[in-house]
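User: I am new to reading protein structures. Could you take me through this one in short steps?

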Amino acid sequence: MKRRSTFLSVSASMGFVFLYAPIIALIIYSFNKSKLVTVWGGWSLKWYSELFKNDQIIDAALVSVKIAVISATLAVVLGTLAGFVLTRFGRFRGKMILSGWTTAPLVMPEVITGLSLLLLFVAMEGMFGWPAGRGTGTVIIAHTTFCLAYVAVIVQSRLISLDETLEEAAMDLGARPASLFFLVTLPLIAPALVSGWLLSFTLSLDDLVIASFVSGPGDSTLPMVIFSKVRLGVSPEVNALATLMILTVAVGVIAAVFQMRRQHRSKEIQE
Amino acid sequence: MSTIAESVRLTGPTLRAQILERLGQNRWGRYAVISIPGLWLAVFFFIPFLVVFKISLAETAIAIPPYTSLFELNLEEALLEISINLGNYRYLFEDDFYLAAYLNSAKIAAISTFFTLLIGFPMAYLIARSHGTTRTLLLSLVILPFWTSFLLRVYAWMGILQKNGIVNDFLMSIGLIDTPLTILQTDIAVYIGIVYTYLPFMVLPLYTALEKLDGVLLEAAEDLGCKPAQTFFLITLPLSLPGVVAGCLLVFIPAVGEFVIPALLGGSDTLMIGRVLWDEFFLSRDWPMASAVATVMLIVLVLPIMLIRNNAEKQGEAA
């Protein structure tokens, strides 16, 4: 028994080391003075100042954040509707199709999604004259479509675990379907909406393949700029950028964990 | 408070009937709500595949868009000309290059999935067996990389695996090798990259399955004289099978179409279908051929797996 648990701990720890070693190496080397990425030349903040001087990266970051905010918001609206319809509407015609369509984007290889959306946009432009060319709008549509699927799954699992008595009580007290949804259901699933929004935001910010297919010539997103830089080899500026992004995420996650703990505790005290 | 909840619970069935009745009166409102996400997905997810299929039957043309139209309406002679070109598909099956790319993608994805399972299982098991804060902490450690950029995590490996990178430095300093190994730009680097980036996708479903595992069963097996390895293969593994299947599918399908990892970590001879599609589209500008590659990939590699997954889910619901 003892031997097996040592084996388990060792192999599991190796997995965690594997998961974090590259990230830690990236952070350390972002402070490297040397231009050769892997030769250590002492500590320096040089690459961070280079990064902030690089207008191309900063512009791309702004474009990416704008796209991510809009598509995450749209995805939450549409994904919540899809999740709600699939869990609360009982049986209806086309339910299987809708449920297939909502989960399929989760596993579809990105190259196929990207290619198919671009060809749709091109065909639509030929038929209706819209979208004229491509730009942030088409990227937003594409990102909304695949983020919607994630939101729908999160909302569905939250709705399934939710006790229906509250909704039934509201119905019994005469709430109409719309006010039931906005006054009772929505506040109850709010945490799922927040995590769905955050996940969509990150996924949109991170997407390279789909954005490369559907964006216009002037609208490069941050991953597209990083990819074209990185393709030529390792670049210390990108190390600095990566470190900033990783630290932002880490701070956000830690803050969220603490917030959740505090809420949890205050709830326990109230009870 | 509890009595109110209780009475609500008791009157549940009749209430349900009331709800359904009220919703029934509002049938059009119901369809309106259903159709909002439904229409969005139909237009931006389903129809695109039909467009891809249509264009895979067209011919390449030097024009904008760079493919020929399938339908030609000749009003003067009241003639509708339909020209379907199966040449792309013929070419796809005749040229060994594409077949090799499909097979190699499936091979790389399968081997990577196996190693992801091998590394992910102990992690998921440890998390499921730990309690309280430790469990939350370990679980967040698995999820955290998920929130950081995928592209940048792949990029991190470029620095580690290159000729004068950390791995080679380390191996040389302990005297295991004399000259640096070429790891970057080989298939091995692609395996490492896929296993690394998709590890959380494997650990999370495994954890969900293992968490449900009843410890009593393991104790009983041990009491009946099972050795740890026997307990594992006879009890733990079969009971966690749904998680294993879910995790493997979540890793395998996206890995098959992977573009970024072979482009950054693989060599010029690392043949993967996602990369072939990308090159066909962006470099050769042969949109009909790229569409044919995508159609076959969808039908041969993705669709069967999605059907299996759906089936498994349905069986799970029925049980």
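User: Which residues form a nonpolar patch on the surface, and what is their accessible area together?

Analyst: This is a predicted model. The nonpolar patch on the surface consists of Ile24(A), Ile28(A), Trp40(A) and Trp43(A). Together their accessible area is about 440 Å².

User: Is Ile28(A) exposed, partly exposed or buried?

Analyst: Ile28(A) sits in helix H1 of chain A, which covers residues 2-29. Its relative accessible area is 36%. Buried means under 20% and exposed means over 50%. Ile28(A) falls in between, so the label is partly exposed.

User: How is the pair of Phe31(A) and Trp43(A) arranged, stacked or tilted?

Analyst: A search of the whole structure gives 29 aromatic pairs over all chains. In the pair of Phe31(A) and Trp43(A), the ring centres are 6.1 Å apart and the planes meet at 45 degrees. Planes under 30 degrees apart would count as stacked, and over 60 as edge-to-face. The angle here fits neither, so the pair is tilted.

User: How many residues apart in sequence are the parts that this pair ties together?

Analyst: Phe31(A) lies in the loop between H1 and helix H2 (46-53) of chain A. Trp43(A) also lies in the loop between H1 and H2. The pair therefore ties together parts whose separation in sequence is 12 residues.

User: What angle lies between the planes of Trp197(A) and Phe201(A)?

Analyst: Both residues belong to helix H9 of chain A, residues 190-206. They are four residues apart, about one turn of the helix. Their rings are 5.3 Å apart, centre to centre. The pair is stacked, and the angle between the planes is 10 degrees.

User: Which residues of chain B join Phe213(A) and Phe227(A) in one aromatic cluster?

Analyst: The cluster includes residues from chain A and chain B. Phe213(A) and Phe227(A) come from chain A. From chain B come Phe259(B), Trp278(B), Phe281(B), Phe282(B) and Trp287(B).

User: Which residues form the negative surface patch, and what is the relative accessible area of Glu222(B)?

Analyst: Asp214(B), Glu219(B), Glu222(B) and Asp223(B) form the patch. Glu222(B) lies in helix H10 of chain B, residues 215-223. Glu222(B) is partly exposed, and its relative accessible area is 35%.

User: What percentage of the residues in chain A is buried?

Analyst: Chain A has 12 helices and zero strands. Its C-alpha trace spans about 70 × 65 × 35 Å along the principal axes. Of its 271 residues, the buried ones make up 51%.

Notes:
Residues are numbered from 1 along each chain as its sequence is written. Chains are lettered from A and ligands numbered from 1 in the order in which they are written. This is a predicted model: local features need pLDDT of at least 70, side-chain atom pairs count only at pLDDT 80 or more; totals for chains, interfaces and linings use all residues. Side-chain values use heavy atoms; hydrogens and water are left out. Patches are made of residues with over 30% relative accessible area and no salt bridge: like charges are joined within 9 Å, nonpolar side chains (Val, Leu, Ile, Met, Phe, Trp, Tyr) within 5 Å. Accessible areas come from the Shrake-Rupley method with a 1.4 Å probe; for residues, only the protein chains shown count as cover. A salt bridge is a side-chain nitrogen of Lys or Arg within 4 Å of a carboxyl oxygen of Asp or Glu. Lys and Arg count as positive and Asp and Glu as negative; His and the chain ends are not counted. The place of a charge is taken as NZ of Lys, CZ of Arg, CG of Asp or CD of Glu. Helices (H or I, at least four residues) and strands (E, at least two) are DSSP runs, numbered from the N terminus. Buried means under 20% relative accessible area, exposed over 50%, partly exposed in between (1.4 Å probe, protein chains only). Rings of Phe, Tyr and Trp (its six-membered ring) pair if their centres lie within 6.5 Å; planes under 30 degrees apart count as stacked, over 60 as edge-to-face and the rest as tilted.
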